[in-house]
Amino acid sequence: MLIPCPYCGPRDVGEFTYQGDANRVRPALDAPRAEWETFVYERVNTAGPHREHWQHSGGCRAHLTVVRDTLTHHVLSAEFVRPGPVAKAGS
Amino acid sequence: MTMRRASSGGRIDRTRTVRFTFDGKAYTGHAGDTLASALMAAGVSVFARSFKYHRPRGVFACGPDEPNALVTLISEGVREPNVQATLVEIFDGLDAESQNRFPSLGFDIGAVNGLAGPLISAGFYYKTFMGPVVGSIRGTRAWMLAEKAIRRAAGLGRAGHAPDPARYERVNAFCDTLVVGSGPAGLVAAESAAAAGGRVILADLDATMGGSAKWSSAMIDGRPAAEWAAGRVAALEAMPNVRLLPRTTVWGYYDGNTLAATERVSDHKSSRAKGEPRQRSWTIRAGAAVLATGAQERPIVFPGNDRPGVMLAGAALRHAGEFAVLPAGPVVIFTNNDSAYTAAAGLAEAGAEIAAIVDVRPETSDAARALADKAGGELLTGHAIVHTHGGKALSSVSVRRFTLESGTFSGETRRIEAGCLAVSGGWSPMIHLASQAGGKPAWSETLQAFLPPEPTQDWTAVGAADGTFRLADIVTGAEAPELDPAPAPCLEIASPGKAFVDFQHDVTADDVRLAHREGFASVEHLKRYTTLGMATDQGRTSNIPGMAILAAATGRTIAETGTTRFRPPFSPVSIAAIAADRHGDLRPERRTPLHDWHVERGAIMQPAGLWFRPRIYGDPGETVEQAYVREAKAVRERVGIVDVSTLGKIAVQGPDAAAFLDRVYTNMFSTLKVGRARYGLMLREDGFAYDDGTTWRLSETDFLMTTTTANAGRVMQNLEYWLDTAWPDLRVALTSVTDQWAGAAVAGPKSREVLAACVTGTGLDDDALPFMGIVHGEIAGVPVMICRLSFSGELAYEVYCGAGHGRHVWEALMEAGEPHHIVPYGLEALGTLRIEKGHVTATEIDGRTTARDLHLDWMLSGKKPFIGSALMDREALLAPDRLGLVGLVSLDGRALTAGAHIVERGDREARDSIGHVTAVCFSPALGKYVGLALIRGGKARIGSRAHLSDPLRDRFGPVEIVSHHFFDPDGSRMHG
């Protein structure tokens with residue numbers, strides 16, 4: 001499997017770490033317990049295109065949102081989770 | 001069968017004689033021979049004894065299809081079993097051995113199994129050894145009694161135990177087009193891809209490229225096919241963008257158009273050049289793959305079809321054409337299709353005598369008839385072979401008139417003398433790689449074969465692999481007879497006698513029917529019950545006939561019966577080639593800047609994750625316990641120094657760094673003053689304890705976080721994950737600085753005096769450097785950062801400097817400590833000091849404990865939410881009977897054992913564990929053997945007694961459950 005890292009280009013999956021389902025909506029830290037239980041424990045077992053987080057841990061270390069077809073392992077897209085540098089320091 | 005070497009022809013080099021041994025006997029062959037062809041040329045007909053019945057078996061196929069002729073190769077004392085003799089290139093000194101025979105191939109005691117044949121039918125093992133209780137013997141017990149004898153009698157080669165001295169190599173390759181197979185279709189595809197300018201790799205499992213062109217009698221561009229192919233190969237070789245990989249089996253098709261191949265670099269050589277690998281493992285990333293893998297011939301199943309002398313027609317032709325090995329006696333052809341007529345004509349042209357062509361079809365095409373005329377011998381259409389005769393070699397065959405539609409016989413049985421019976425049941429495209437990277441194979445009723453499925457990756461199949469069998473459809477300018485590629489749908493002649501489907505696993509047609517009668521109607525079940533197609537050849541010759549028989553038994557078509565999916569590898573691959581240089585201890589070693597100093601000082605180094613840390617610095621004659629007790633006592637009484645460079649260190653910087661730490665730690669960091677440090681605890685999102693460490697505020701926006709040695713990488717990754725995915729708005733940068741800092745902890749009542757003797761540029765008294773304060777100064781001219789914090793419970797300081805100055809600063813500290821008899825201490829003493837204080841490490845923060853279990857609930861801030869706060873208060877995590885941290889004191893004066901269970905009753909049979917021991921030591925401060933433990937109910941049991949139970953190490957004994965704060969519970973020593 002190759003993941004096209006927007007910084008590093010297409011790289012082998014061995015350089016990446018799977019960081020979980022990207023479809024989940026992260027609750028606020030002070031959100032009710034039930035929301036956190038859903039977030040931590042519940043997963044949809046998708047057959048087909050699946051949004052997920054991968055970290056290029058053996059490369060630029062950025063987290064990517066990858067759309068992967070779970071039936072074929074085709075990577076349909078890969079983009080940064082955190083788009084570009086955030087606001088400049090002091091702004 | 002007896003074969004002989006034709007006086008001319010073939011692609012062998014008759015000027016070069018090669019000497020080798022088989023079963024200890026010396027033989028010769030020619031360069032270019034395989035072990036199979038050389039032995040057949042020398043008159044050997046029996047190559048192996050069969051798996052269950054020990055029947056004599058000869059060469060049946062050619063190349064990777066061969067089910068029978070498996071041998072063990074012996075090289076440099078290493079045994080490589082189950083190698084197909086048809087794939088072994090001979091060389092001077094080759095030493096091969098036959099398999100599964102006792103005492104010899106010619107006379108085999110195990111052949112009596114053949115007489116007991118009906119007892120060893122399909123599912124024999126299941127029925128016999130997993131059956132109901134018979135008398136006092138249960139099936140599984142019977143298996144245990146019989147296993148050894150059965151394993152010896154049934155089976156293949158014996159693996160060796162000697163280490164393999166050969167080298168293996170791995171390489172990665174990238175290309176625009178990978179062409180698998182160098183037959184005419186592969187050569188055409190490679191040429192067109194190369195002409196388009198892309199990088200091309202052409203791989204073929206044979207030593208010489210050319211595929212079927214090497215033994216074909218067809219003409220291409222007015223030249224013999226072999227000459228044409230040699231010209232094309234030479235042209236490709238000359239192109240800079242083409243790489244040829246002969247002797248390379250492409251065996252796996254993986255995600256992302258990645259294909260795996262094994263190149264046999266020096267298997268065919270008497271000796272390897274210096275550094276030359278035996279095999280090379282290729283990982284090929286191809287833009288596109290062209291699968292020109294050809295087709296394989298199927299046998300027809302009939303009684304006596306396994307007698308040496310019966311072989312596939314295409315294999316007989318190839319042996320004649322490529323190796324000039326011919327049947328010595330008359331040849332009978334038995335077929336359901338036209339292709340065998342080409343074999344008949346080819347064999348005749350090479351010098352063999354064709355006695356008869358037996359065709360199950362009532363009539364045949366004109367083109368085939370012309371070939372039959374060329375071949376000579378009788379043409380018996382509408383006939384079938386019903387049995388074969390002879391001992392260890394075929395002498396004659398029985399033939400009867402046969403009606404294709406009904407499968408019935410009529411008329412007299414005729415015997416025809418034959419030394420070789422060449423059989424063809426039609427051809428199956430080699431769809432292994434296509435199936436690995438595709439959907440379900442599609443059955444073609446016309447071709448009676450599975451065709452490549454819809455691709456799920458970027459490949460195309462060409463030539464015979466795609467069901468295109470006519471050469472003229474593959475290569476322009478090819479002249480070959482216009483044969484009908486469609487075989488008759490007849491793969492079994494049902495006549496009394498043992499008719500084999502899977503030669504390698506000795507599965508008969510009756511076994512398949514029996515399996516069906518016993519309810520195994522799915523092809524997947526059939527495969528597992530009878531083991532059909534599960535041998536080392538993966539059913540190359542047996543899958544289609546097996547399915548045809550099952551389909552007939554179930555009254556379904558083959559399409560409805562379905563095929564099993566192909567998985568990698570295409571053919572057996574040596575694990576050594578896959579592992580290549582990746583064996584032994586593969587972990588990188590991480591050494592601190594002080595590593596050499598420790599070793600010079602006589603430290604016993606101990607792995608800690610990837611790091612190496614001193615366990616003890618032993619004095620001569622000291623036991624480990626004596627050493628760590630001495631070191632720990634020195635810390636409590638005077639001063640000690642320990643290397644803490646391995647702690648994970650992360651620079652957390654930016655305007656929102658404090659807010660970020662408030663979210664990831666359970667306690668508050670935004671209130672921490674600049675120049676102070678704080679102990680922090682992290683939870684996982686599910687509320688369990690995760691990691692702890694101190695974090696230092698170096699400026700408003702600059703924190704230095706330390707983590708446990710073991711978790712450093714994971715904590716960094718988690719912080720990055722949260723920052724990227726959860727809080728992208730936070731202005732924080734994370735940098736791992738573990739390797740940039742060297743660290744030393746100086747601990748003990750004299751530690752301040754030691755520092756005072758070497759630190760300049762800062763005060764060290766309580767005002768300048770209070771508990772958890774940070775100062776900057778210099779030691780021996782090197783800038784250092786000092787934090788007054790303590791893991792040992794003593795007055796202690798952690799001194800950090802640039803990694804490159806680590807040893808310089810350490811030695812300065814040692815020198816400053818000399819008047820106080822400073823002692824370097826290792827992990828054992830470090831552990832002892834922390835156990836005495838009841839501090840937790842990874843053995844207690846084990847992923848199952850909560851902050852409360854570890855009595856760290858004082859660190860759970862109620863003023864802010866943090867990672868894990870939402871789920872940490874779930875009912876089960878607050879239950880009073882959870883395992884909680886306590887201390888243990890040994891009551892019998894003997895050492896406790898880490899990992900031992902704690903039980904309430906004091907007898908050896910007690911199994912009702914109430915918890916386990918996490919860490920143990922002899923405490924010099926208490927003069928007792930103590931430990932930490934996680935015990936059900938935790939603190940509620942303090943003051944009670946229980947028992948250690950460690951049956952594995954035979955350690956039992958009474959303990960007292962006490963508070964985990966063994967020593968100086970109010971912390972006056974470190975604050976004072």
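Here's a short walk through the interface between chain A and chain B.

**Before you click anything.** Keep in mind that this is a predicted model. The predictor scores the complex with an ipTM of 0.94 and a pTM of 0.85. Color chain B by pLDDT: the mean is 92, and 94% of its residues come in at 70 or more. Where pLDDT is low, don't read the predicted coordinates in detail.

**Select the contact residues.** You should pick up 31 residues from chain A and 30 residues from chain B. Turn on a surface if you like: the two chains bury about 2,600 Å² between them, with 51% of that on carbon and sulfur atoms. Now narrow the selection in chain A to Arg26(A), Leu29(A) and Arg82(A), which lose the most area to chain B and together make up 27% of what that side buries.

**Stay on Arg26(A).** Which residue forms a salt bridge with Arg26(A)? Show Glu685(B) as sticks and you have the partner, with the closest N and O atoms 2.6 Å apart. That type of pairing is counted five times between chain A and chain B. Switch on polar contacts too, and look for 14 residue pairs across the interface, both members being at pLDDT 80 or more.

**Back to cartoon on chain A.** Pick out β3 (17-21), α1 (33-41) and β4 (49-55), as each of these supplies at least two residues of the side touching chain B. α1(A) gives the most, with six residues. Finish by coloring that side of chain A by residue type: expect 12 nonpolar, 11 polar and eight charged.

How values were computed. Residues are numbered from 1 along each chain as its sequence is written. Chains are lettered from A and ligands numbered from 1 in the order in which they are written. This is a predicted model: local features need pLDDT of at least 70, side-chain atom pairs count only at pLDDT 80 or more; totals for chains, interfaces and linings use all residues. Side-chain values use heavy atoms; hydrogens and water are left out. pLDDT is the predictor's confidence in each residue, from 0 to 100. Contact means heavy atoms within 4.5 Å. Buried area is the accessible area (1.4 Å probe) that two parts lose on being put together, summed over both. A salt bridge is a side-chain nitrogen of Lys or Arg within 4 Å of a carboxyl oxygen of Asp or Glu. A polar contact is a pair of N or O atoms within 3.5 Å; within protein, one must be able to donate a hydrogen and the other to accept it, and residues adjacent in sequence count only if both atoms are side-chain atoms. Helices (H or I, at least four residues) and strands (E, at least two) are DSSP runs, numbered from the N terminus. Ala, Val, Leu, Ile, Met, Phe, Trp, Tyr, Cys and Pro count as nonpolar, Asp, Glu, Lys and Arg as charged, and the others, Gly among them, as polar.
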